[in-house]
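Trainee: I have a protein model open and would like to understand the labels people attach to it. Could we go through them one by one?

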Amino acid sequence: YYGLDKFKCFTSLFACFEKQPFDSSDLISVHLGRFNAVSVSATGTAYLHGFRDVHEQEHVLGPKEEVSKAVLGTRPVCIITKSGDLLFGNDVGCQPDRISTEGPVEDVALGNEDAIILQRDGTMGRLLHSTLNVQPISLFHKVAAVACGMAHNLALTYEGVVFTWGCSNHGELGHGTLDSEEAPKVVEALEGIYIRKIAAGGWHSAALSDCDDLYLWGWNESGQLGILRPSGSRPHKDSVTVAPLPLLFTALG
């Protein structure tokens, strides 16, 4: 792992981005935030890398029990233990608080003002950053994966169906309109297509089908959809071939 001191010209506080090699031989996952990275080792330890203070590049995060996953937002950090407990910190420099949930947590996706929690029984909850309260999200389908953009959310069911809700100023919900949705709504443009992976950028979304076709929709101001189409479009298939291997995973920034 290496950091980059691209901000040194502005302030000496970013000196902690100086290149420091990190032994990644036992890491099982890495997640990138705006100014930091967080990694989890095979022994269940979470490490924070990057901008925390000028003296420390690697800082052990979270509880004494083993960690299964750690996720960063612009500033917040979420930690899931192997027993399914959820810890949340509003700032990477703070010790995370343990969050009360209805059941063990499988995954979490961080948005700008909230987080979407996926529990091991396939149900979802919404964690507000400001109050740390969890509100249940009603969806009569078992959910396999969740993703968050700046102000919109995606959920993927075990049947391969995509639901979206939240803000749609740039068409990031994929419903063919700019109307926001308070509750999860199925993306009808993907009807009949089995989706196996989802991802969310700031104001755009992606879905990967079981045929390895990539569907993208939302804001295209900087060409983030990879196609010459206007913003606010419905899901559009961009046939991706990475010969001789199929596309296995997609992620957006």
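Mentor: Gladly; what follows is a set of questions about the terms, each settled with values from this predicted model.

Trainee: What makes confidence vary among the elements, or rather, which has the lowest mean pLDDT and which the highest?

Mentor: Strand β20 (residues 236–238) has the lowest mean pLDDT, 47, and β14 has the highest, 97. For the protein as a whole the mean is 78, with 74% of residues at 70 or more. Two stretches have pLDDT below 50: residues 53–57, with 10 contacts beyond near neighbours in sequence, and residues 237–249, with 21 such contacts.

Trainee: Let's stay with β14, then. How do you know that β14 is mostly covered?

Mentor: Buried means under 20% relative accessible area, and 6 of the 6 residues of β14 are buried. Both faces are covered: His-152, Leu-154 and Leu-156 lie on one side, while Asn-153, Ala-155 and Thr-157 lie on the other.

Trainee: How do you know which strands pair with β14?

Mentor: Pairing needs at least two bridges between the strands. β13 and β14 have 5 bridges, in the antiparallel sense, and β14 also has 5 with strand β15 (residues 162–166), again antiparallel. Both counts meet the cut-off, so both are called pairs. Ala-155 lets you see this on screen: Val-146 stands opposite Ala-155, and Ala-155 stands opposite Phe-163 in β15.

Trainee: How many residues join these strands in their hairpins?

Mentor: The hairpin from β13 to β14 runs through 3 residues. The hairpin of β14 and β15 has 4 residues between the strands, and there Gly-160 takes a positive phi near 80°.

Trainee: What makes a group of residues a nonpolar core, and which members touch the most others here?

Mentor: The term covers buried residues of certain types, Leu, Val and Ile among them, joined through side-chain atoms within 4.5 Å. The largest such core has 13 residues, and Leu-154, Val-162, Leu-190, Ile-195 and Ile-198 touch the most other members. β13 (143–148), β14 (152–157), β17 (195–200) and β19 (214–218) each give two or more residues, with the largest share, 3 residues, coming from β17.

Trainee: What does Val-162 touch?

Mentor: Setting aside residues up to four places away in sequence, Val-162 touches Leu-154, Ala-155, Leu-156, Lys-185, Val-186, Val-187, Leu-190, Ile-195 and Ile-198.

Trainee: Why is Glu-188 called exposed?

Mentor: Exposed means over 50% relative accessible area. Glu-188 has 53%, so the label applies. Glu-188 sits in the loop between β16 (181–186) and β17. Its C-alpha atom is separated by 8.6 Å from that of Val-162, 26 residues apart along the chain.

Trainee: And why is Asp-212 called buried?

Mentor: The relative accessibility of Asp-212 is 18%, which is under the 20% cut-off, so Asp-212 counts as buried. You will find Asp-212 in the loop between β18 (204–209) and β19.

Trainee: How do you know that Asp-212 makes a polar contact with Arg-196?

Mentor: The distance between N or O atoms must be within 3.5 Å, and the two side chains make their contact at 2.6 Å. In sequence Asp-212 and Arg-196 are 16 residues apart, and their C-alpha atoms are 9.0 Å apart.

Trainee: Is His-129 buried or exposed?

Mentor: Buried: its relative accessibility is 7%, and the label requires under 20%. His-129 is in the loop between β11 (124–128) and β12 (134–137). A polar atom of its side chain lies 3.1 Å from the backbone oxygen of Asp-114. Beyond four places in sequence, the contacts of His-129 include Pro-76, Phe-88, Asn-90 and Leu-110.

Trainee: One last label: what makes β5-β6-β7-β8 an antiparallel sheet?

Mentor: These 4 strands form an open sheet in that order, with antiparallel pairing. The edge strands, β5 (67–72) and β8 (97–99), each pair on one side only. From one strand to the next the twist averages 25°. Inside the sheet, strand β6 (residues 77–81) and strand β7 (residues 86–89) share 4 bridges, and at least two are needed, so they count as paired. For one example, Val-77 has Gly-89 in β7 as its bridge partner.

Methods: Residues are numbered from 1 along each chain as its sequence is written. Side-chain values use heavy atoms; hydrogens and water are left out. Axes are lines fitted to C-alpha atoms, for helices over the stretch in contact, and angles run from 0 to 180 degrees between N-to-C directions. Buried means under 20% relative accessible area, exposed over 50%, partly exposed in between (1.4 Å probe, protein chains only). Contact means heavy atoms within 4.5 Å. A polar contact is a pair of N or O atoms within 3.5 Å; within protein, one must be able to donate a hydrogen and the other to accept it, and residues adjacent in sequence count only if both atoms are side-chain atoms. pLDDT is the predictor's confidence in each residue, from 0 to 100.
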